[in-house]
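This report walks a new reader through the helices of one structure and the residues they hide or show. Please look over the sequence and the model before reading on.

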Amino acid sequence: MSFRIPASHLVLLAVFLAGTAFVALNGYAASSSTRNLVVIGPIGLAVPVLVLLALVSEWRAGADADTSSRPTFRDTLMDVVLLGLFGVLCYALTNIGFDVATFVFLWVGVVLSGGRGWWQPPVYSALMTVFLVKAFGSLFPYPMTTVVL
């Protein structure tokens, strides 16, 4: 089997590993209490495992990969736009409100990712927004600004 993974994917996986290591080591250096390790520990273990699974999956696919399924320029452009919108979401979380910013981001993200129909994207966005706001509210004591929820 051949092991051919694009260099851009390897760089992205390396960035994930480096970022995870940086956050985990800094979090541990800041406080080695159980409350802190409960948050950084699972992520510090999960990301390397996921990277390893991605590499093994790519290795097993090997030469069977179909080169005609490469992403088009439009696909790449939509990914870049979605990444830019994530930056806008990060800014809007505290300025607009966690719930409204998340709802709009999810709706636009679903549409940019190929979601069709007039009622599915907003319903999905509303359900996921409620779930995220309630889940983060119960996990973290930090009060997020919300408008509706």
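The buried residues of helix α4 are F98, D99, A101, T102, F105, L106 and G109, where buried means under 20% relative accessible area, exposed over 50% and partly exposed in between, with a 1.4 Å probe and protein chains only. Because these residues cover an arc of only 165 degrees around the axis, they lie on the same side of α4; the arc is that of the directions from the helix axis to the C-beta atoms. The model is a predicted one, in which local features need pLDDT of at least 70 and side-chain atom pairs count only at pLDDT 80 or more, while totals for chains, interfaces and linings use all residues. Residues are numbered from 1 along each chain as its sequence is written, and side-chain values use heavy atoms, with hydrogens and water left out.

Helices here are DSSP runs (H or I, at least four residues), numbered from the N terminus. What covers the buried residues of α4 includes α3 (73-95) and α5 (120-139), and, from the other side of this pairing, the buried residues of α3, namely M78, L89, A92 and L93, pack against α4.

The lengths of α3 and α4 can be set beside the expected span, which is 1.5 Å times one less than the number of residues.

| Helix | Residues in helix | Span between end C-alpha atoms | Expected span |
|---|---|---|---|
| α3 | 23 residues | 33 Å | 33 Å |
| α4 | 15 residues | 21 Å | 21 Å |

A glycine with a positive phi follows each of these helices: G97 comes just after α3, with a phi of about 140 degrees, and G114 follows α4, with a phi near 110 degrees.

Two threonines show what buried side chains meet, contact being heavy atoms within 4.5 Å. T102, in helix α4, counts as buried at 6% relative accessibility and, leaving aside residues up to four places away in sequence, touches L89, L93, T129 and L132. T20, in helix α1 (residues 7-30), counts as buried at 15% relative accessibility and, with the same sequence neighbours left aside, touches I43, G44 and V47.

On the surface, V38, V39, F136, L139, F140, Y142 and M144 form a nonpolar patch with about 700 Å² of accessible area together. The elements that give two or more residues to this patch are α2 (34-61) and α5. M144 is found in the segment after α5 and, at 34% relative accessibility, counts as partly exposed. Patches are made of residues with over 30% relative accessible area and no salt bridge, with like charges joined within 9 Å and nonpolar side chains (Val, Leu, Ile, Met, Phe, Trp, Tyr) within 5 Å; a salt bridge is a side-chain nitrogen of Lys or Arg within 4 Å of a carboxyl oxygen of Asp or Glu. Accessible areas come from the Shrake-Rupley method with a 1.4 Å probe, and for residues only the protein chains shown count as cover.
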